[in-house]
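Please open the structure in your viewer and keep the selection tool at hand. We will go from stop to stop, and at each one you will hear what to select and what is there.

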Amino acid sequence: MMKYFRNALLILFFSSIIISVWFFHGSIMGTGESGLLFYKPHVIYELFKDAWSRIYLGNVNGINVASAPTLFLFSVFETYGVPNFIIQALFFLFLFFIASYSVFLLTKELFPKLETKYLYISAIFYVFNPISLINVWNRFLYNYMSFWALLPLLLWLFIKGLKTKKYFYSLSTALVTIFFSFALSSTVFNILLWALLLYAVLFFFLIDLKNLKFYISYFCLSLLLYSLFNLWWISQFFNFIFSSSFSTNVDKFFTTEGNLSGLSSISQRLGSLIDVLRFSHTTFLNDGPSWVRIYTSPLVVFIEFLITGLILWTIYKLKSNKNILFLGILFTLSIFLMKGNNPPFGEIFQFFFEHFTFLQVFRNPFEKFGFLLLPTAAPLFAISLDQIVKKIKSEQAKKIIIYSFCIFLLGIWGLPFLTGLVFTYQNENVLKSFRVSVPEYYSKVDNFIKKQTPDTRLLILPLGGEGITQAWQNPYSGVEISSNLFHNSSVSLNTTIPFFDDFSSEVANNQLSKNILNLLPFMNAQFIVWRGDIDFKQRKFADPEKIKQRLDEWSTEGLLTKKLEDKKIAVYQVSKNNFWPKLYITSSVLTTNKSDILSVGMHNPQLFANKSAIVDSQSLPPDYKNLLPDLIMPSRVYSPSLKEFQKYSDEDLLARLFYVNHLPTDRLYFLYRIKEVIEIPFGNDPINQLIYSFGLLGKRTVEIYKMRKAKVDAKVITEYEKMQNNEFKKLTPKIFELSKNNDQISDTLITFLFYQYTLLQRVNSPVAETIHKILVDAQLTTQYSFPSPGKDGYLIYAFNIPNNGNYSIEFPPTFKAKKWYMDGKVIASLENSDNKSLYLSTGPHELAILVQESAYKVSNVVENQLLVSKKNPKSLYLNLSDTPSTYEINFDFRFTKGNIAKLEFLQDIDEKKSPLYENQITRYKKQNKWNHMQGKFTSSSGASNGNFIIKSNSEKVCNMLVFITIRCYNVDRDFEVEIKNLTIKQITYPDTVLISDKTLPSNQSSIKWNKINDTFYTVIINKQQNNPEVLAFSELFNSGWVAESDGKQLQNHILINTFANGWLIDKSGNYKIDIKFLPQNILDKTRVVSLYSTLVGIILLLLLLWKKKY
Amino acid sequence: MEEKILKKAIVIVYFAFSATVILIQFFAGFFGFEVHLSGVLYWLLFFGWVYFVWQNKIESSFSFIIALSLFALSAFFVILGMRTIGEIIMRVSFVFWIFGILHWFIELKK
């Protein structure tokens, strides 16, 4: 026993030294997705202790509540005045010690005769290896670190139980998980954990082929106790899985195709066996900080292969030993899984990945299955070393081998740990530490706001994506951390939380516009916090100085009041008109089909003047559909592209589709079809597969076109056209999906369809009709024919009418149209008409407007003649609109020297290396003819100006030096190009909507409300009439929120104001409503179950220990 | 007699198919087509090796030795900077290794 104690003490001592090196500077560390947890642990604990978190606009915690006990412990330390960096250091020390000592014990358990020095080596191996370095410590996720420490401990206990056949270890295994519940706050780790334990049971049973009853009951008891002890967070996990929030999340942000695409890409990057077998993370080695280059040196690569070679050799040599075989199979399995769907046999991985959706959490197999590799590789390496040493007779040689490997483990693999380099990243060739010092002014602002209003929200500007770089003395780079810095919840980022993302995108898009003030009431924000200490270009945020300028302007206008300013932070109070409480009742209600508060408000300004509710029409109960007024926004707006494509010659269109040299009538044609089949990108990226399918469609179209032109046998043509029709019909669902996307790939593929339609129409092929029908059904083109627009153009607005009725067409007062058509029929000019009302039936309708191009395309830059060359590049300045907008570039060009030039659009918020738009112009077949260039880009939110640049194209040139080294450098290609008729036009489709002729009587109802806690509110309603009104509750919409009156749940729970909860209320009178988050009740009850069962478990464990029954 | 013919037929079909796949892969690389048949080759190798081992009653150790030798060869190429060829050899090595492990487990149970 003393020996074990001494070993533990030694490992603890060694761990303490390493942790001291990491924290000698006296600062906390934070980066990546872990944020700044140790800045104010009690704030984070408050966010994760309940089923619902008030973070952002509110969010369900689900499995994240598993982190609450650990966070509670940190907050207790904080309360007692322990410095935050010491709390973090103690946490790391605990994990380091548990991990290394558990591996020590695990190795001892598997190989009892192994000398102690090898047990230490196994512990060192587990701690100091590239996977632990990159996937655990540099990744800097606390649940990853916790799982890394938990895994060997759990495996040791579980295997000990399997070997001794004692249920005591089943109890111990389950109890341990409570102390590491932080590690279990990830679904992936729960799956990994139980897959590993299941493997252990199966292996020992298959080897034993006896005691089946014990193995089954041992595993089941462990699982049962684990479920019981952890019931409180497991219940939340399942509650989340079956909630509307989860399904919306999955529908909106995840698809099997997308996940598969991610898996394939990661597998290709990280899944090479030559890297996996060396525990190497290729991307990190190539793009990581400069110090990782040491791991690419041939000597290090050789030793890494040597280590794996020794492990494999030991598995082979000692495979008769069941413990070696246990580890050997697990080692092989881990390698197999870590490489993802890469060959060999990647198809097996992919099959399970595609067919068992829950396994799609393993999108990054290298990172996740790497955890399984370590507890197997560490004991195997220790036994390998022992085997090698046993084969050597010379004592000196033995020592040299052992010392050499120890030096490698400590000095090479361990170097980043011993020096603290593990906690660094590289930015623009500068090595930066994870060490963070938050400026004092944040505490000052937090305290100020907390005193003023502890419970309303903040809007934090500038606002960008999930990541942020805070340019502090010790800078922070990672996930946005306002929820760590301020007690009040805030809208401070744009992230993929259903409903929140719609609202925050609208906020981000309008952060330079005064319109943003109209969004504040809906989010219950009383203060705007301006932050000037961010590296805005690195993260493509709006320029803080420009935001400040606007905020100050609005303060001058009396819309805001500056309350505090300190160095790089300022606080503005929102005027009373722009502040609404979190709970309110209103009869000012409008239903709409799109999440766009500002567009709705533009057509209905009184919505901003009084408390109002904008109801999502899809969530509206049928009884109310005909009662509430509708504002219908177009599902799609476009200027028909057909006009544009009709201008193209047949040759132009053919050049844009696939090249076809052989027609189906050729003898060797079948060989080309075989080639096409072989080339199908099977098992890889589904997006590539879709592009490939569209490419083939294009080929078939060209073949049909050419056959019709060549007037070949009509039977062959008919047969091919039938086949092509079927192919188009098969792809119809995909085309519908593409029509909803707004990305470059979708645009390109849809344009492909237009080319094919135009081409086939010209040869009178019936396939053109099929394509046209699909394009119409997908609302990509108009189904009606219109008179030629001449110099003008048509704007098409596609609407889906939910209910029969009279609708008025609303459009901006300055908008001038030449003619209006509804469903292909001319309607009276609307500009001067008082009666803009039309009767429309339920279903799709099409509004076409004949307008001058200038009505939706405004020239911002015009250059008639330019000469641009390498020596004389051109930069054209462009003022951008306050909100993201689409711009179209057009010009004619002719090369007089060189063949290629580069085009860029660099916004004021872009880093030079990553402009918003990049393209090239090239000389076509060495001709000196004039060519036309057209391009489009959409400006980013927060950008206020930019430069369109024409410059020389930089190319990488590599030369081999003395046949050994390759030296590469960039060369700017020489060129000279004449440019004429250059225009950059802003495309803005006039905001046109349909409004139903319905009104609701205005009521004078009022409410009083009280917040009991984050998951429970009480409301007293005073309602005068029976008309429907909306009780608005500005927390993120979730089906878990219920409103109860007299013990009965109110039925009409709806989505309002893009993100919030609302209840339609008819009943008049004075009555009380309780609003609560139901999963909290489950959490409260399961907490009690877990608490009592854990207490019983601990007492039982102590009893068994006392009676020495282990 | 019939069994012999069947065996020969299997071997001929196997090698003909493998040769076709290799040729397609080779020509595709040469002419710059995007062909994705490499995964098939490892399956072919695996089943070919299963058949060979079954027919010749070879022990699992043989597969392990091939796997370890190929591992060393692959490591040699990678250290010299030839990653692509190193990866291909390592994949082949892994096929033999997986087979060796499975075979050993079956031997153990016998």
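What follows is a tour of a predicted model, taken one selection at a time.

**Stop 1: where the chains meet**

Begin by showing chain A and chain B together. How many residues of chain A are in contact with chain B? There are 43 of them, and they touch 36 residues of chain B. The two chains bury about 3500 Å² between them, and carbon and sulfur atoms give 78% of that area. Now select A:Ile274, A:Tyr316 and A:Phe345, which supply 19% of the area that chain A buries against chain B, more than any other three residues.

Next, pick out A:Asp275 and B:Arg83. They form a salt bridge, with their closest N and O atoms 2.7 Å apart. The rule finds 1 salt bridge across this interface. It also finds 7 residue pairs in polar contact between the two chains, both residues of each pair being at pLDDT 80 or more.

Which elements give two or more residues to the side of chain A that touches chain B? Colour helix H9 (187-208), helix H14 (273-276), helix H16 (298-317), H17, H18 and helix H32 (669-678) of chain A to see them. H16(A) provides the largest share of that side, with 10 residues.

**Stop 2: a helix in chain B**

Stay with chain B and select residues 38-56, which make up helix H2. Its 19 residues should span 27 Å at 1.5 Å a residue, and its end C-alpha atoms are 27 Å apart, so the expected and modelled spans agree. Buried residues in H2(B) are B:Gly39, B:Tyr42, B:Leu44, B:Phe46, B:Gly48, B:Trp49 and B:Val53. Step past the end of the helix to B:Lys57, which follows H2(B) and has a positive phi, near 50°.

**Stop 3: an enclosed helix in chain A**

Go back to chain A and select residues 116-127, helix H5. At 1.5 Å a residue, these 12 residues should span 16 Å; the end C-alpha atoms are 17 Å apart, which agrees. Is H5(A) largely enclosed or open? It is largely enclosed by the rest of the structure, because 9 of its 12 residues are buried. Among them are A:Tyr118, A:Leu119, A:Phe125 and A:Tyr126.

**Stop 4: the start of helix H13**

Select A:Thr256, which belongs to helix H13 (residues 256-270) of chain A. A:Thr256 is partly exposed, with a relative accessible area of 31%. Leaving aside residues up to four places away in sequence, A:Thr256 touches A:Glu354 and A:Gln360. Show the side chains of A:Thr256 and A:Gln360, and you will find a polar contact between them at 3.4 Å. For a distance to try in the viewer, take A:Thr256 and A:Lys715: they are 459 residues apart in sequence, and their C-alpha atoms are 41 Å apart in space.

**Stop 5: backbone details**

Most residues other than glycine have a negative phi, and most peptide bonds are trans. The next selections in chain A go the other way.

- Select A:Pro343 and A:Pro344: the peptide bond from A:Pro343 to A:Pro344 is cis, with omega near 0°. A:Pro344 sits in the loop between helix H17 (322-338) and helix H18 (346-355).
- Select A:Leu461 and A:Pro462: the bond from A:Leu461 to A:Pro462 is also cis, with omega near -5°. A:Pro462 is part of strand S7 (residues 457-464).
- Select A:Asn981: its phi is positive, near 55°. A:Asn981 lies in strand S34 (residues 976-987) and is partly exposed, with a relative accessible area of 41%.
- Select A:Asp1046: this residue has a positive phi of about 50°. A:Asp1046 is in the loop between strand S39 (1041-1045) and strand S40 (1048-1049), and at 70% relative accessibility A:Asp1046 counts as exposed.

**Stop 6: cysteines**

How many disulfides does a search of the whole structure find? The search finds 0 over all chains. To finish, select two cysteines of chain A. A:Cys220 is partly exposed, at 42% relative accessibility, whereas A:Cys406 is buried, with a relative accessible area of 18%.

Technical notes:
Residues are numbered from 1 along each chain as its sequence is written. Chains are lettered from A and ligands numbered from 1 in the order in which they are written. Side-chain values use heavy atoms; hydrogens and water are left out. Helices (H or I, at least four residues) and strands (E, at least two) are DSSP runs, numbered from the N terminus. Buried means under 20% relative accessible area, exposed over 50%, partly exposed in between (1.4 Å probe, protein chains only). A disulfide is a pair of cysteine sulfur atoms within 2.5 Å. The expected span of a helix is 1.5 Å times one less than its number of residues. Contact means heavy atoms within 4.5 Å. Buried area is the accessible area (1.4 Å probe) that two parts lose on being put together, summed over both. A salt bridge is a side-chain nitrogen of Lys or Arg within 4 Å of a carboxyl oxygen of Asp or Glu. A polar contact is a pair of N or O atoms within 3.5 Å; within protein, one must be able to donate a hydrogen and the other to accept it, and residues adjacent in sequence count only if both atoms are side-chain atoms.
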